[in-house]
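Hi,

Here is the structure I promised to send over. Have a look at it first, and then read on for what I found.

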Amino acid sequence: MQTSGTSEPIVRIRDLKKNSVNFVLQNVDLAFANSFRRVMIADIPTVAIDMVEIETNTTVLPDEFIAHRLGMIPLVSTACDEAMRYTRDCTCEVRCQYCAIELHLNIACHEAGRTMDVTSNMLDVVPTSKPGAYGNFEQDDGGEELAKRVENFGHPVGKGDPDVPPILICKIRKGQELKVRCIAKKGLAKEHAKWSPCAAVSFEYDPHNKLRHTSYWYEYDARAEWPLSENAKEEEPPRDDLPFDYNAKPNKFYMEVETDGSLGAQEVVQKGLQELQTKLANLIVGLKPEPPEADVFQGGGGGALGGQPNGHEPAQTGGWGAPSPATSWSPTRAGGGGGGGWSPTRAGGAPTGAGGWGSPGTGGGWGAPAGGAGGSTAGSWGSPSSGQGWGSPSQQQNGWNVG
Ligand SMILES: [Zn+2]
């Protein structure tokens, strides 16, 4: 799977700004790089407006339009995974201070002859300590969440910062008014793209196209007509006399992560890695054989996989190698279905915004024949003894302590 048994994943940061980071990820395989990209897009929780109660709207825009625009406004979500609960996991009946943030917008134009901008800066967060802010204020819940929130948690990104231009919601003229009450909730971009912390995540690999994962259309000369990317400087140019290496695999990925400001770029990358680790750990737990007392005829050995909780067919003989791990696992979650399948009934409407869904990044990683999809680079993250992957016939050797 890997170039050598000793190679560990390497990350080299080339450029780090508040809302973007550019880094080179080395010694991982294509499947890992793409999983990482997708986790950053779709599996990191943020806060976004999810319900809008419109009291007055005499603007030119209809209620749904306003609600959608409010939903897409990025809200400060620092440490959201610990600072807030999902409403579905909360003990409250409808919503409470631990699982919801209330924002108000109340603006009217009284000046003749002037067009007024209604912007995200006019959204005010209702303080959680305010009594009566919620119907069922549960003081004794003991939630730790509030202590973990930063001061401007849930505020529109850039509010109070003169260097960040506010987001325009609509424009009003004299006599027009907009008064709304919004409830922001914690969510994941798998449900709706408004919860994605990322504006774009892309990666490129093999800038010289040595692996021939891309075929160039050209008139006379592909090299003259297709300028090399900046990343080509990082790799040796191909020599014309070398034969095509059909066993070669991509190993170096040039990644660019840009956030919408709800989370910092550094937090997105770190939480992305954590999330990926958690997912893989859960997968391993889910694939563990039942304890011996559950079925006396099954030993505790790693080979027997009867009665998995995940509904996969039991392997006949030894473990993972059986039939085709790559195809069984690849599209587990997230990804393509993230936007389309969900009915856009709430604030936010169609899953526009993040833009990351359809775009396959610069390197065109999607269409690539990821032969190594079964190969675990991931193993290298946690364990020194990787080198083999899911595809390995011996699950004891693959770096994960499966048995
Ligand atoms: Zn609650």
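Which residue in β2 does Asp15 stand opposite? The residue facing Asp15 is Asn22. More on that sheet below, after some housekeeping.

Bear in mind that this is a predicted model: local features need pLDDT of at least 70, side-chain atom pairs count only at pLDDT 80 or more, and totals for chains, interfaces and linings use all residues. Residue numbers start from 1 along each chain as its sequence is written.

**Overall**

The protein has eight helices and 10 strands (DSSP runs numbered from the N terminus, with H or I over at least four residues for a helix and E over at least two for a strand). Of its 403 residues, 37% are buried. Buried means that 20 or more other C-beta atoms lie within 10 Å of the residue's own, exposed means 12 or fewer, and partly exposed is in between, with C-beta atoms placed from the backbone. Among the contacts in the protein with a separation of 6 or more, 74% involve residues 24 or more positions apart (a contact is two C-beta atoms, placed from the backbone, within 7 Å).

**The sheet with Asp15 and Asn22**

Four strands make an open sheet in the order β1-β2-β10-β9, and their pairing is antiparallel (strands pair if DSSP finds at least two bridges between them). β1 and β9 are at the edges with a single partner strand each, so one side of each has no neighbour in the sheet. On average, neighbouring strands here are turned by 20 degrees against each other, direction ignored. Between β1 and β2, the antiparallel pairing runs over six bridges.

Two helices pack here. α5 touches β1, β2, β9 and β10, and its direction makes about 125 degrees with that of β10. α1 lies across β2, β9 and β10, running at about 175 degrees to β9. For these angles, axes are lines fitted to C-alpha atoms (for helices, over the stretch in contact), and values run from 0 to 180 degrees between N-to-C directions.

**α1 and α5**

The two helices also pack on each other, at an angle of about 115 degrees and with their axes 9 Å apart. α1 and α5 are therefore roughly perpendicular (65 to 115 degrees counts as that; under 35 is roughly parallel, over 145 roughly antiparallel, and the rest oblique). Their crossing is right-handed, meaning that the near helix is turned clockwise from the far one by less than a right angle; anticlockwise would be left-handed. On the α1 side, Ser35, Phe36, Val39 and Met40 meet Val268, Val269, Gly272, Glu275 and Leu276 of α5.

All of α1 is inside: 13 of its 13 residues are buried, so the helix is largely enclosed by the rest of the structure. The length of α1 checks out too, because 13 residues at 1.5 Å each should span 18 Å and the end C-alpha atoms are 18 Å apart (the expected span is 1.5 Å times one less than the number of residues). α5 (residues 265-287) agrees as well, with 23 residues that should span 33 Å and end C-alpha atoms 33 Å apart.

In α5, the buried residues are Ala265, Val268, Val269, Lys271, Gly272 and Leu287. Their cover includes β1 (10-16), β2 (20-26), α1 (30-42), α3 (80-83), β9 (198-205) and β10 (252-259). Take Val269: it counts as buried because it has 23 C-beta neighbours inside 10 Å. Apart from neighbours within four places in sequence, Val269 is in contact with Val21, Met40 and Val257. Val269 and Ile44 are 225 residues apart in sequence, yet 9.8 Å apart in space, C-alpha to C-alpha.

**The other sheet**

A further open sheet has four strands in the order β3-β8-β4-β6, with antiparallel pairing. Its edge strands are β3 (46-57) and β6 (124-125), each pairing on one side only. Helix α2 (residues 63-71) packs on this sheet, touching β3 and β8, and its direction makes about 155 degrees with that of β3. Eight bridges join β4 (residues 101-108) to β8 (residues 177-187), and Ile101 stands opposite Ala184 in β8.

**Two backbone oddities**

Asn27, in the loop between β2 and α1, has a positive phi of about 60 degrees although it is not a glycine. With 19 C-beta neighbours inside 10 Å, Asn27 counts as partly exposed. Arg212, in the loop between β9 and α4 (222-225), also has a positive phi, near 60 degrees. Arg212 is partly exposed, with 13 other C-beta atoms within 10 Å.

Cheers
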